[in-house]
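Biologist: Could you take me through the salt bridges of this model? I would like to know where the partners sit and how far each is exposed.

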Amino acid sequence: MDTVINELEGCKREFEATLNYEELTPYFDKAIEDYRKKVVLPGFRKGKAPLGMVKKRFGESIEYSSLEDIANQVFSEYMMENDVPMIGQGKMTDIDYEPKDKFTFKVEFEVKPDIKVENYKGLELSKKKYVIDDSLVDEEVNYHRLNNSELAMDSAAVDDDYVVTADVQVLDESGNIIIGQGQKDVKFFLGNKDLLPEFKSALEGIKEDEERVVETKTKDGNTQKVKISAMKVEKVVYPELNEEFFKKVTRKEDLKTEDEFRAEIKSELGKIYNDAADRELQNEIISELVKLNDIEVPEAFSDAIMKSLLDDYKKQLPKNYQLTDEQLDEFKKSRKPDAIFQAKWFLIREKIAELENIKAEDADFDELAKENAERFNIPAEKLVEIYKENNDIATNIVSKKVMDFLKENAKITEQEEVKKFEPQN
């Protein structure tokens, strides 16, 4: 058998093989034997017809029909035996059979590129380091108090700590009700910073069964009159700042005072904002490495990532919603740069792991299992076994270790920024 791999454009390769008839004979014999097992000939039970009879009657047609299977088998065996780094599936591009003489075929496929990654150490980057201002803590504490508050009936909405339930009706220029442009049982919290000033002003001091007219603006900027009919006025009763409340909000038993509670809130806010800053740093590292190491991406690889992006997108759509061909084409067109970018980062990350001998070690699986054992209520030693059989877990471990390595070997300048509460306009 003569074989050759031709280099095509980029990561594409072409496998070409020629088998003479003597080399083909064992494949043909097996195909005829397989056909014999299912054929029924007059005078014989299924699969019991003489092999010579089957070969004489169907041999030529079986030979032709088995050529593609033979080509796929030869191609697959060659790829495995020669450890060719193929990505995706091969595509048959040519078959030529000269009966009783030879069989030639070609398969086009893609290979994993042998890339070079440079300049991945010493990256000069900046990272935000957030300092949490007390105003942000105040807002968070107020949020939790409001979220755990109760409502008590009262006579009038005398301050911001009131909820007014009202029917709202749009009026025409003459003050008459416009049918179909009203809402019932609308709840207005006077302490809501997003409440329009004209509505807040109209609701201040309002009593049950009282009506007031508000002059406001439509989305188009036109003047509009709205009648508010108060149906219920309730006072917001906030919970006490005590140990029971602290435990309910934080799920921690050891917070005794308001200062300790506020310190815990401040710490958690710091983690949230600085975790976000860390993700921004990671994205900056990835973008910089992709920019510095422009590599050829196999189409099969970017196509696989595109499929993953599409699957994630479909999960966000309403149940049984079917994308049209035009919508699919538009999605693929708009997300193609993302798929290529992710493919490049994957190949770069994999190469760095190879260069720096970064692997998923037993200790990594043990640590991860200990972290999650209580969460999943599974013994750590059992979880380790599960993790070691999951390739995605190993990939995630290596990915994290590569990112940690890049951070450790980068020149990172921290920029301190005070994070304050900023009311929405």
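Modeller: Happy to; here is a walk through the salt bridges, pair by pair.

First, the ground rules: this is a predicted model, in which local features need pLDDT of at least 70 and side-chain atom pairs count only at pLDDT 80 or more, while totals for chains, interfaces and linings use all residues. Residues are numbered from 1 along each chain as its sequence is written, and side-chain values use heavy atoms, with hydrogens and water left out.

A salt bridge here is a side-chain nitrogen of Lys or Arg within 4 Å of a carboxyl oxygen of Asp or Glu. By this rule the count comes to 31 salt bridges.

Let us start with E417 and K128, whose closest N and O atoms are 3.0 Å apart. E417 belongs to strand β11 (residues 411-419) and K128 to strand β5 (residues 124-132), so this pair ties together parts that are 289 residues apart in sequence. Helices (H or I, at least four residues) and strands (E, at least two) are DSSP runs, numbered from the N terminus. For exposure, buried means under 20% relative accessible area, exposed over 50%, and partly exposed in between (1.4 Å probe, protein chains only). E417 counts as partly exposed at 28% relative accessibility, and K128 is partly exposed at 29%.

Next come K200 and D160, which meet in a salt bridge at 3.2 Å, N to O. K200 sits in helix α4 (residues 197-203) and D160 in the loop between β6 (150-153) and β7, so the pair ties together parts 40 residues apart in sequence. K200 is partly exposed at 24% relative accessibility, and D160 is partly exposed with a relative accessible area of 33%.

The side chains of K401 and D364 form another salt bridge, at 2.8 Å from N to O. Here a helix is linked to a helix: K401 lies in α11 (residues 391-408) and D364 in α9 (residues 362-376), so the pair ties together parts that are 37 residues apart in sequence. Their exposure classes are worth a look when you turn the model: K401 is partly exposed, with a relative accessible area of 26%, whereas D364 is buried, at 17%.

Finally, there is a network to pick out on your screen. Salt bridges that share partners join D114, K351 and E354 into one network.
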